[in-house]
Number of protein chains: 2
Amino acid sequence: MRVLRTLHEFDFQPFCSKIFLLISYLNLWRQENMYEQLRVYLDSFVKLDDEAALEIEKKFVKKKFPKGSFLAHEGEITREVHFIIKGCCRFYHVKDGRTVTHWFSFEDTFTTSLRSFTTQTPSVEYIQAVENCTVLSLQYEELSKLYEQYQQWERLGRLVMEDFGRQMLDRLTALQTLTAKQRYIMLLQCEPRIIQRIPLNLVSSYLGITGETLSRVRSEIRIS
Amino acid sequence: MRVLRTLHEFDFQPFCSKIFLLISYLNLWRQENMYEQLRVYLDSFVKLDDEAALEIEKKFVKKKFPKGSFLAHEGEITREVHFIIKGCCRFYHVKDGRTVTHWFSFEDTFTTSLRSFTTQTPSVEYIQAVENCTVLSLQYEELSKLYEQYQQWERLGRLVMEDFGRQMLDRLTALQTLTAKQRYIMLLQCEPRIIQRIPLNLVSSYLGITGETLSRVRSEIRIS
DNA sequence: GCATTTTATTGACATATATCAAAAAAAATC
DNA sequence: GATTTTTTTTGATATATGTCAATAAAATGC
């Protein structure tokens, strides 16, 4: 392979078209392998045996949520849990006329209004697509059946909930003990996706501070 | 029955001894019905059938933790989960040389260092008895066996975790959106036990504020 | 019961963060 | 590409909460 002396010698045209081809293959793969993607995630908790794994394709339904649309709505019973294949969402509620974002979810996580879904009561929160989302959705009744029929699915539910509990504990500790600046730095280190893909005004309320304070914190960090 | 005119006419001796007898019977009942107490709690999640319920008395062991002793210790793997029959505990960790209390547990709840117990890794937190505690303890291995053998126990685990998740979400929202005063008032309304039975210096760090601020908040409320 | 330790309150002052207003920058829309 | 709209930044000021120090009250130990 010949070494290039200057950038001009390089012919970008064919190179770029190859890259684009690669990307479109990758997207195609993602599309076709949505169930595989979910399977990989589930296997990280429980190695499902063949029979139990077959249920994935039977019960989960592909859905799309365009940017701005709602996966859960205040006052309505959340009837589905969604596994995010692509995209991200914010969880928020309205408190004294202002919007408080309390959670984000990204690819390869289950997303639902926990209280509403698990107790089948009206939701107190909204879940909104921040990007166009592709998800695999599972009805409450279908999940209940899976829990009834397969001990493995029951276990999956338990382990996913344990994992959720651990995440919540971490977030709680951060909110309780860290200053605004420390919380932002922690987010930057532990959850860079949030800062990369979510508008800052939503991030600020997630951190429990105002947009102005977040902006100042960021400029302080830029300087130091 | 004769109506008493003055207090002096009343003979306290036999009366008091009856009361004490009653109390000791009550304690005896509690002692003997520890397993019944646990059964009632578990039944609120899943109606255990006889075989699965028999395991309660086989696997849970009565233990006492005197005030000040530890149910979990930083750096050590938490090998048991405890169901509190009587007493209460605080969860705390040490951050920059000071103690941060992040949870309390009382009668009729499961208590363990979640991350340490579920992943069998060293704990990052302490759990300390705030009162003398009587608990029913279950070893990690025994719980794992229950999960293996009985779908009902697996379900129990899931439902207890879901319940825990919902509690955590509430607490998170409170910390994120309420002022110190509002958080205190909310605690007063939703968890009066905490204020009644826990020293205020521990409550303050649970609320994410200093002892001084809590003291001021309380005096404000007393006035208004 | 008294002495000691721990816990709770109060005061003066410092600091972090919120609020309101405005400008600048970026993104969305046509 | 120009025009809205939304998001982010910056500034001045207000407020909530923290810090340090001193005292008061309560709990604990002997």
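Visitor: Which atom of DNA strand C does the side chain of B:Ser215 approach?
Guide: A sugar or linking oxygen of DNA strand C, which lies 3.2 Å from an N or O atom in that B:Ser215 side chain. Keep in mind that this is a predicted model.

Visitor: And what about B:Arg216, what part of the strand is there?
Guide: A base nitrogen this time: an N or O atom in the side chain of B:Arg216 is 2.9 Å from that nitrogen of DNA strand C. B:Leu200 uses a polar backbone atom, 2.7 Å from a phosphate oxygen of the strand.

Visitor: Which elements give two or more residues to that surface?
Guide: Helix 10 (211–223) of chain A, plus helix 9 (200–206) and helix 10 (211–223) of chain B. Helix 10 of chain B gives the most, with six residues.

Visitor: Which residues come nearest to DNA strand C?
Guide: Out of 19 around the strand, they are A:Ala180, A:Thr213, A:Arg216, B:Leu200 and B:Asn201.

Visitor: How do the residues of that surface divide into nonpolar, polar and charged?
Guide: Eight are charged, seven polar and four nonpolar.

Visitor: How much of what the protein meets on the strand is sugar or phosphate?
Guide: Of the strand C atoms within 4 Å of the protein, 64% belong to sugar or phosphate, and the rest to bases.

Visitor: New topic: how many disulfides are there over all chains?
Guide: The count is zero.

Visitor: Why doesn't A:Cys133 bond with A:Cys89?
Guide: Because their sulfurs are 3.9 Å apart, too far for a bond; a disulfide needs them within 2.5 Å.

Visitor: Is A:Cys133 buried or exposed?
Guide: Buried, at 2% relative accessible area. A:Cys190 counts as exposed, at 53%.

Technical notes:
Residues are numbered from 1 along each chain as its sequence is written. Chains are lettered from A and ligands numbered from 1 in the order in which they are written. This is a predicted model: local features need pLDDT of at least 70, side-chain atom pairs count only at pLDDT 80 or more; totals for chains, interfaces and linings use all residues. Side-chain values use heavy atoms; hydrogens and water are left out. Buried means under 20% relative accessible area, exposed over 50%, partly exposed in between (1.4 Å probe, protein chains only). A residue is near a molecule or strand if one of its heavy atoms lies within 4 Å of it. A polar contact is a pair of N or O atoms within 3.5 Å; within protein, one must be able to donate a hydrogen and the other to accept it, and residues adjacent in sequence count only if both atoms are side-chain atoms. Helices (H or I, at least four residues) and strands (E, at least two) are DSSP runs, numbered from the N terminus. Ala, Val, Leu, Ile, Met, Phe, Trp, Tyr, Cys and Pro count as nonpolar, Asp, Glu, Lys and Arg as charged, and the others, Gly among them, as polar.
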